[in-house]
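User: I've got a model open and want to go through it with you. Take it piece by piece, please.

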Amino acid sequence: MFHSLSTLCYMASNLKADIIILRMRDGYEGKSAEVLVRSNHREGIKLDIKIMLLGDKQSGKSTLIGVLTSGQLDDGSGSARMIVH
């Protein structure tokens, strides 16, 4: 995970963005981190955000993207995953 955070910090510095690590947790097979990436963009500039998410199959990637884009939690049956095209 620390290599991933290092890469994220490098990318953010190139974009002149700030990174705040909100929390780190131990998982079943490693660690996870909740990270806030904030860009200091100016008014009138169109902002295009691209997110890359990596993980093993069945690890919840589509569910996470569905929750982030809809703002609604998953019901445990994959409802958030169904939002992702």
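User: Where does S39 sit?

Analyst: S39 is in strand 2, which covers residues 31-39. Helices and strands here are DSSP runs numbered from the N terminus (H or I over at least four residues for a helix, E over at least two for a strand). This is a predicted model, where local features need pLDDT of at least 70 and side-chain atom pairs count only at pLDDT 80 or more, while totals for chains, interfaces and linings use all residues. Residues are numbered from 1 along each chain as its sequence is written, and side-chain values use heavy atoms, with hydrogens and water left out.

User: Is S39 buried, partly exposed or exposed, and what's its relative accessible area?

Analyst: S39 is partly exposed, at 34% relative accessible area. The cut-offs are under 20% for buried and over 50% for exposed, with partly exposed in between (1.4 Å probe, protein chains only).

User: How far is S39 from K16?

Analyst: From C-alpha to C-alpha they are 6.8 Å apart in space, with their positions 23 residues apart in sequence. K16 belongs to the loop joining helix 1 and strand 1, and with 67% relative accessibility K16 is exposed.

User: And what's odd about the phi of K16?

Analyst: The phi of K16 is positive, about 55 degrees, although K16 is not a glycine.

User: Zooming out, what's the order of the elements?

Analyst: From the N terminus they go α-β-β-α, with 2 helices and 2 strands in total. Of the 85 residues, 7% count as buried.

User: Salt bridges next. How many are there?

Analyst: The search of the whole structure turns up 2. The test is a side-chain nitrogen of Lys or Arg within 4 Å of a carboxyl oxygen of Asp or Glu. R23 pairs with E34, where the closest N and O atoms are 2.8 Å apart. R23 is in strand 1 and E34 in strand 2, so this pair ties together parts 11 residues apart in sequence.

User: How exposed are R23 and E34?

Analyst: R23 is partly exposed at 40%, and E34 is partly exposed at 34%.

User: What about K31, which residue does that one meet?

Analyst: D26, in a salt bridge of 3.1 Å from N to O. K31 is partly exposed at 47%, whereas D26 is exposed at 64%.

User: Pockets now. What volume does the largest pocket have?

Analyst: About 2,200 Å³. Closest to its centre, out of 38 lining residues, are L8, A33, I51, M52 and L53. A pocket is an open set of points on a 1 Å grid over the protein atoms alone where a 1.4 Å probe fits, with protein on both sides within 12 Å along at least five of seven lines, and lining residues have an atom within 4 Å of a point. The volume is the space filled by probe spheres set on those points.

User: Which element gives the largest share of that lining?

Analyst: Strand 2, with 8 residues. Helix 1, strand 1 and helix 2 each supply at least two residues as well. By type, the lining has 19 nonpolar, 9 polar and 10 charged residues. Ala, Val, Leu, Ile, Met, Phe, Trp, Tyr, Cys and Pro count as nonpolar, Asp, Glu, Lys and Arg as charged, and the others, Gly among them, as polar.

User: Last thing: which residues make the nonpolar surface patch?

Analyst: F2, I21 and M24, over about 310 Å². Patch residues have over 30% relative accessible area and no salt bridge, and nonpolar side chains (Val, Leu, Ile, Met, Phe, Trp, Tyr) are joined within 5 Å, like charges within 9 Å. Areas come from the Shrake-Rupley method with a 1.4 Å probe. F2 lies in helix 1, residues 2-14, and F2 is exposed at 55%.
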